[in-house]
Amino acid sequence: ILKDKVALVTGSTSGIGLAIARSLAAEGARVMLHGFGDREANLQLKDELAALSNDCAGFSEADLADPEAIDGLVAQCTDELGSPSILVNNAGVQHVAPITDFPPEKWDWIMAVNLSAVFHTTRLCLPSMRQRGFGRIINTASAHSVVASPNKAPYVAAKHGVAGFTKAVALETAREGITVNCISPGYVWTTLVENQIPDTMKARNMTREQVMNDVLLAAQPTKRFVEPVEVAALALFLCRPEAGSITGANLSMDGGWTAQ
Ligand code: NAD
């Protein structure tokens with residue numbers, strides 16, 4: 001269903017983004033893989049995506065904390081694959097600490113990657129979507145775009161920001177064949193979650209087991225982590241023509257977390 005479509009998926013070298021990149025490529029989209037990590041492994045992932053869609057995929061390691069690098073990312077995608085009609089703003093970072101101990105440079109970094117980068121990619125990709133009369137912007141927000149947890153103030157602020165930004169851009173593009181939505185997962189088992197376990201252990205003086213059961217899954221009534229492929233299936237649905245009336249929405253996939 002996505003043949004001839006170009007998809008830029010930020011933060012797609014691992015976790016949720018990789019699952020989304022794979023599901024879009026499997027439907028024939030030319031996908032721009034993007035993110036950090038082992039370069040050899042990432043180039044193999046790019047080949048894997050290319051094999052799914054007519055030997056066409058790209059790869060970038062642009063740092064989303066740097067607006068100039070974001071210019072380069074969109075330009076590279078446009079040169080190599082074509083201008084994206086699907087933009088998935090998925091990359092995100094986390095740091096866990098009480099607010100008075102939060103390093104100000106970590107605040108700047110979380111805001112830059114989790115929120116400002118969404119503004120930059122969106123403003124750069126919208127003109128060609130408008131020309132084409134079709135576009136899909138999907139932002140990976142979080143249950144933390146709706147509710148909060150202690151020791152994550154910058155992340156919660158940035159994700160609430162993404163939800164608000166999504167609504168505003170949805171209204172600006174509502175009559176142009178473009179939809180703008182966020183998906184808000186609860187805890188998904190990825191490296192981002194795994195990496196915050198040691199800090200949470202320290203901050204709350206808990207064992208690894210206690211952090212998993214009493215902190216992470218405490219709020220998730222299903223008592224299981226969301227799978228990246230489940231998020232990918234929803235992202236793919238949002239790209240379908242039948243999803244044309246879903247815009248400005250913040251779609252929860254959180255095992256009932258925010259129903260409480
Ligand atoms: P992940 O750590 O597995 O993947 C993050 C991706 O972003 C990687 O590809 C990484 O290389 C890339 N990235 C990070 N910083 C970057 C930067 N400065 N420039 C370019 N790329 C950068 O994480 P994930 O869990 O798959 O998270 C993906 C998104 O889902 C994030 O926005 C996160 O906030 C959100 N989310 C995750 C969960 C969860 O439980 N895992 C829950 C809700 C929301």
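The following exercises, each with a worked solution, concern the sheet, the helix packing and the ligand shell of a predicted model.

Residues are numbered from 1 along each chain as its sequence is written. Because the model is predicted, local features need pLDDT of at least 70 and side-chain atom pairs count only at pLDDT 80 or more, while totals for chains, interfaces and linings use all residues.

**Exercise 1. The sheet**

Task: Determine the strand order of the sheet and state which strands lie at its edges.

Solution. Helices (H or I, at least four residues) and strands (E, at least two) are DSSP runs, numbered from the N terminus. Two strands pair if DSSP finds at least two bridges between them.

- Step 1. The open sheet has 7 strands with parallel pairing, in the order 3-2-1-4-5-6-7.
- Step 2. Strand 3 (57-60) and strand 7 (250-253) are the edge strands, since each pairs on one side only.
- Step 3. On average, and with direction ignored, neighbouring strands are turned by 15° against each other. Here axes are lines fitted to C-alpha atoms, for helices over the stretch in contact, and angles run from 0 to 180 degrees between N-to-C directions.
- Step 4. Strand 2 (residues 30-34) runs parallel to strand 3 and is joined to it by 4 bridges. His34 is placed opposite Ser60 of strand 3.

**Exercise 2. Helices on the sheet**

Task: Identify which strands are touched by helix 5 and by helix 8.

Solution. Two residues are in contact if their C-beta atoms, placed from the backbone, lie within 7 Å.

- Step 1. Helix 5 packs on the sheet against strand 5 (135-140), strand 6 (178-185) and strand 7, and its direction makes about 160° with that of strand 6.
- Step 2. Helix 8 (residues 228-239) touches strand 4 (86-89), strand 5, strand 6 and strand 7; its direction makes about 165° with that of strand 6.

**Exercise 3. Two helix pairs**

Task: Classify the packing of helix 4 with helix 5 and of helix 6 with helix 7.

Solution. Two packed helices are described by the angle between their axes and the distance between the axes. Angles under 35 degrees count as roughly parallel, over 145 as roughly antiparallel, 65 to 115 as roughly perpendicular and the rest as oblique.

- Step 1. Helix 4 (residues 104-132) packs with helix 5 (residues 153-172) at about 15°, the axes being 9 Å apart. Helix 4 is therefore roughly parallel to helix 5.
- Step 2. Among the residues making this contact are Trp107 and Phe119 of helix 4 and Tyr155 and Phe165 of helix 5. By class there are 12 nonpolar, 3 polar and 2 charged residues; Ala, Val, Leu, Ile, Met, Phe, Trp, Tyr, Cys and Pro count as nonpolar, Asp, Glu, Lys and Arg as charged, and the others, Gly among them, as polar.
- Step 3. Helix 6 (residues 191-204) and helix 7 (residues 208-216) pack at about 100°, with axes 9 Å apart. Helix 6 is therefore roughly perpendicular to helix 7.
- Step 4. Val193, Ile197, Thr200, Met201 and Arg204 of helix 6 meet Arg208, Val211, Val215 and Leu216 of helix 7. This contact has 6 nonpolar, 1 polar and 2 charged residues.

**Exercise 4. The ligand shell**

Task: State which residues come nearest to the ligand, and which elements give two or more residues to the shell.

Solution. A residue is near a molecule or strand if its C-beta atom, placed from the backbone, lies within 6 Å of it.

- Step 1. Gly11, Gly15, Gly35, Gly92 and Thr190 come nearest of the 27 residues around the ligand.
- Step 2. Helix 1 (15-26) and helix 6 are the elements that give two or more residues to the shell.
- Step 3. The shell divides into 12 nonpolar, 14 polar and 1 charged residues.
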